[in-house]
Amino acid sequence: MSMWGQPPSAVQPGEARRSMVEVAEVIEGALMKCEWVRENIVLQVYGELADDARHELEQHVARCADCAAELKAEQQFHALLAQDRAADPTPNLLAASRMRLQEALETAPQGSFWHRLAFDPANWLRQVRFSPALASAILILGFAGGVGTTYKMLLLHGAPGSVPVSAQPVAEASIAGIQSVTQEPGTNQISIKYNTVSTQEAQGSLNDQRIQQLLLYAARNNYNSGVRMDSVGLLTQKPTDNQFREALIEALQSDSNPGVRFKALDALGPYVKDDTRVRDSLLQALVNDQNPGVRTEALRMLEPVKADGSVRGVLMTLAAKDQNLYIRSQARTLLAQLPEID
């Protein structure tokens with residue numbers, strides 16, 4: 001009974017059902033909001049959220065203890081990473097990573113992205129709506145694609161002032177890898193295919209600065225030993241060039257393929273008398289190379305300078321204790337031909 005002696009009004013069944021539906025909707029809305037907040041916490045920490053989305057997230061975090069705790073944990077993790085920043089990647093690492101990425105893209109199954117876009121457009125639109133960074137990326141890609149298409153069209157139609165691809169400078173960090181190096185038989189013309197985002201090709205003579213740059217890159221950084229072999233073979237045509245000679249010395253000292261090292265050694269041999277860098281690199285190959293053929297050839301090429309003090313010292317060491325019987329014997333023979341030191 002109420003205080004006025006009247007029975008309390010009964011709750012009608014329809015009102016009870018409406019009340020339960022409203023409560024369920026509120027709970028579902030809160031759960032969806034939490035899910036959206038947690039998907040965008042990383043963007044908030046890195047300052048990538050738009051102003052309206054950031055305000056909405058901050059308002060929710062102020063009311064939701066779980067989401068506030070997750071935001072705090074993400075901020076602490078970001079602060080921890082910021083204390084010890086990683087060094088910038090080297091050009092070699094960038095090139096290797098781009099090449100591996102391109103190989104992965106070429107072997108990846110096609111159609112998954114377009115399948116999602118064609119058959120679930122609502123989900124795609126939701127992602128764009130709640131991810132401003134993604135929407136911005138799509139806008140930038142579209143703009144870049146339009147600029148790139150226009151640029152290609154201008155080149156194809158020979159627009160005034162346009163520069164052909166083969167005449168543009170090449171930055172090492174922009175090259176993912178050298179695909180092939182070939183020389184036209186009987187000519188000085190060289191063709192080099194190299195990968196950036198897509199395969200490109202440069203043509204010119206061995207005197208072309210751009211061809212030289214690509215050859216040096218291929219000899220030093222390419223993961224394909226056949227390409228390195230072709231590149232070093234072309235570098236041997238101009239061993240008098242200081243840059244080429246440095247690349248040949250580097251190939252002799254550090255290339256993993258013995259065939260490449262042997263080619264470099266063969267090209268450097270004639271300069272062992274006049275260039276101490278060449279002499280030192282041959283001595284290093286004689287002492288440290290794991291291939292007996294390379295060591296034997298280095299020993300043969302050092303014969304004209306066997307009287308040099310550094311060469312004599314290495315020969316004495318080899319003659320005394322080298323594990324290769326032939327090299328030990330040849331070192332003793334060369335030492336026997338030298339006059340005694342007073």
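How many salt bridges does the structure hold? The structure, a predicted model, holds 11 salt bridges, and several of them appear in the close-up views described below, together with a three-strand region and a nonpolar surface patch.

**View 1. The hairpin formed by strand 1 and strand 2.** Strand 1, covering residues 177–183, pairs in the antiparallel sense with strand 2, residues 189–195, and the pairing runs over 6 bridges. Towards one end of the listed residues, glycine 177 stands opposite asparagine 195 of strand 2, while glutamine 183 has isoleucine 190 of strand 2 opposite. The two strands form a hairpin with 5 residues between them, and in this turn glycine 186 has a positive phi of about 75 degrees.

**View 2. Strand 2 with its second partner, strand 3.** Strand 2 is also joined to strand 3 (residues 199–205) by 7 bridges, the two strands running antiparallel. In this pairing, glutamine 189 is placed opposite serine 205 of strand 3. Of the 7 residues in strand 2, 5 are buried, so this strand is largely enclosed by the rest of the structure.

**View 3. Arginine 245 between an acidic side chain and an aromatic ring.** The side chain of arginine 245 meets that of aspartate 275 in a salt bridge, with an N to O distance of 2.9 Å. Arginine 245 belongs to helix 10 (residues 242–254), whereas aspartate 275 lies in the loop between helix 11 (258–268) and helix 12 (276–288), so the pair ties together parts that are 30 residues apart in sequence. Both aspartate 275 and arginine 245 are buried. Arginine 245 also lies over the face of tyrosine 271, at 4.1 Å from the ring centre. A network of salt bridges links Arg245, Glu246, Asp275 and Arg277. As for contacts between aromatic rings, the count of aromatic pairs comes to 0.

**View 4. The salt bridge between aspartate 308 and arginine 279.** In this salt bridge the closest N and O atoms of aspartate 308 and arginine 279 are 2.9 Å apart. The pair links distant parts of the chain, 29 residues apart, with aspartate 308 in the loop between helix 13 (292–301) and helix 14 (309–321) and arginine 279 in helix 12. Is arginine 279 buried or exposed? Arginine 279 has a relative accessible area of 12% and is therefore buried, the cut-off for this class being under 20%. Aspartate 308, by contrast, counts as partly exposed, because its relative accessibility is 24%.

**View 5. A salt bridge within helix 13.** The side chains of arginine 300 and glutamate 297 meet in a salt bridge, at 2.5 Å from N to O. Both residues lie in helix 13, where they are 3 residues apart, about one turn of the helix. Arginine 300, at 49% relative accessibility, counts as partly exposed, while glutamate 297 is buried, with a relative accessible area of 14%.

**View 6. Residues of helix 10 and helix 12 in space.** Isoleucine 249 lies in helix 10 and is buried, its relative accessible area being 6%. The C-alpha atoms of isoleucine 249 and arginine 279 are 10.0 Å apart in space, although the two residues are 30 residues apart in sequence. Asparagine 288, found in helix 12, counts as partly exposed, with a relative accessibility of 48%. A distance of 9.0 Å separates the C-alpha atoms of asparagine 288 and glutamine 253, which are 35 residues apart along the chain.

**View 7. A nonpolar patch on the surface.** Which residues make the nonpolar surface patch of about 480 Å²? The patch is made by Val42, Tyr46, Phe77, Leu80 and Leu81. Helix 3, spanning residues 65–83, contributes the largest share of the patch, namely 3 residues. Valine 42 is found in helix 1 (residues 13–45). This valine 42 is partly exposed, with a relative accessible area of 40%, and it can therefore belong to a patch, since patches are made of residues with over 30% relative accessible area and no salt bridge.

Methods: Residues numbered from 1 in each chain as written. Predicted model: local features only at pLDDT ≥ 70, side-chain atom pairs only at ≥ 80, totals over all residues. Heavy atoms only, no water. Pairing = 2+ DSSP bridges. Helix = DSSP H or I, 4+ residues; strand = E, 2+ residues; numbered from the N terminus. Phe/Tyr/Trp six-rings, centres within 6.5 Å; stacked < 30°, edge-to-face > 60°. Lys NZ or Arg CZ within 6 Å of the ring centre and 35° of its normal. Patch = residues over 30% accessible without salt bridge, like charges linked within 9 Å, V, L, I, M, F, W, Y side chains within 5 Å. Areas by Shrake-Rupley, 256 points an atom, 1.4 Å probe, with all protein chains shown as cover. Salt bridge = Lys/Arg side-chain N within 4 Å of Asp/Glu carboxyl O. Buried < 20%, exposed > 50% of the residue type's maximum accessible area, 1.4 Å probe, protein only.
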